[in-house]
Amino acid sequence: MLTIGQVAERSGVPHTALRFYEERGLISSDRTAGNQRRYPRHVLRRLAFIRTAQRVGLSLEDVHAALATLPDNRTPTKSDWSRLSASWQVELDARIDALRRLRDRLTSCIGCGCLSLRSCTLQNFDDEQAADGPGAPKLKPAVEGGT
Ligand code: FES
């Protein structure tokens, strides 16, 4: 079993983050009679999984959901990582595509600064209802009907 200081030193994760991860259910510890945390050694691999997933842009909620798929909430194995990271590929590709589209639209804004709701392509980015006109088209019938 490792103390919180040993885990922090070996993983590079600060004490505060370790406590935060524990509060969020991402890692767990046992308590000594003096109420000090003691972590099993495999928490280091779990932390590596969490940090790596965060590094590729996943939220802690995504990481929590992924870890919850493991039987008995066990530490991810190499094959677990392979399976879970493959499932994230689609979402990461979608994020990359969205960033590329954002970058491509940004060129017309460089040096402009208008941030116009009417003409700036970065305002209401990917607005699926733009073709329905300005405002909140879905709310118009309710407002016009007086409800
Ligand atoms: S800031 Fe002017 S077009 Fe985007």
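This is a short conversation about burial, ring pairs and the nonpolar core in a predicted model.

Student: Let's start with the rings. Why is Tyr 21 called buried?

Tutor: Tyr 21 has 3% relative accessibility, and buried means under 20%, so Tyr 21 makes the cut.

Student: And what makes Phe 20 partly exposed?

Tutor: Phe 20 comes out at 35%. Partly exposed runs between the 20% and 50% limits, so that's the label Phe 20 gets.

Student: How many aromatic pairs are there?

Tutor: The count is 4. In one of them, the ring centres of Phe 20 and Tyr 21 lie 6.5 Å apart, with the planes at 50°.

Student: Why is that pair called tilted?

Tutor: Stacked needs planes under 30 degrees apart and edge-to-face needs over 60. At 50°, Phe 20 and Tyr 21 fit neither, so the pair is tilted.

Student: What makes the pair of Trp 81 and Trp 88 edge-to-face?

Tutor: Their planes meet at 75°, and the cut-off is over 60, so edge-to-face it is. The centres of these two rings are 5.6 Å apart. Ring pairs also join Phe 49 to Trp 81 and Trp 88 in a cluster.

Student: Are those two tryptophans buried or partly exposed?

Tutor: One of each. Trp 88, at 7%, counts as buried, whereas Trp 81, at 27%, is partly exposed.

Student: Over to helix α1. Which of its residues are buried?

Tutor: Ile 4, Val 7 and Ala 8, within a helix spanning residues 4-11.

Student: How do you know that they sit on the same side of α1?

Tutor: They cover an arc of only 100° around the axis, which puts them on one side. In general, an α-helix has 3.6 residues a turn, so residues three or four places apart point the same way. On the face of α1 turned away from the buried side you'll find Glu 9 and Arg 10, both exposed.

Student: What covers the buried residues of α1?

Tutor: The cover includes α2 (15-23), β2 (37-38) and α3 (43-55).

Student: Which residues touch the most other members of the largest nonpolar core?

Tutor: That core has 25 residues, and the best-connected ones include Tyr 21, Val 63 and Trp 88. Helix α3 gives the largest share, 5 residues. Leaving out residues up to four places away in sequence, Val 63 touches Leu 26, Phe 49, Ile 50, Ala 53 and Leu 58.

How values were computed
Residues numbered from 1 in each chain as written. Predicted model: local features only at pLDDT ≥ 70, side-chain atom pairs only at ≥ 80, totals over all residues. Heavy atoms only, no water. Buried < 20%, exposed > 50% of the residue type's maximum accessible area, 1.4 Å probe, protein only. Helix = DSSP H or I, 4+ residues; strand = E, 2+ residues; numbered from the N terminus. Arc of directions from axis to C-beta. Contact = heavy atoms within 4.5 Å. Phe/Tyr/Trp six-rings, centres within 6.5 Å; stacked < 30°, edge-to-face > 60°. Core = buried A, V, L, I, M, F, W, Y, C linked by side-chain atoms within 4.5 Å.
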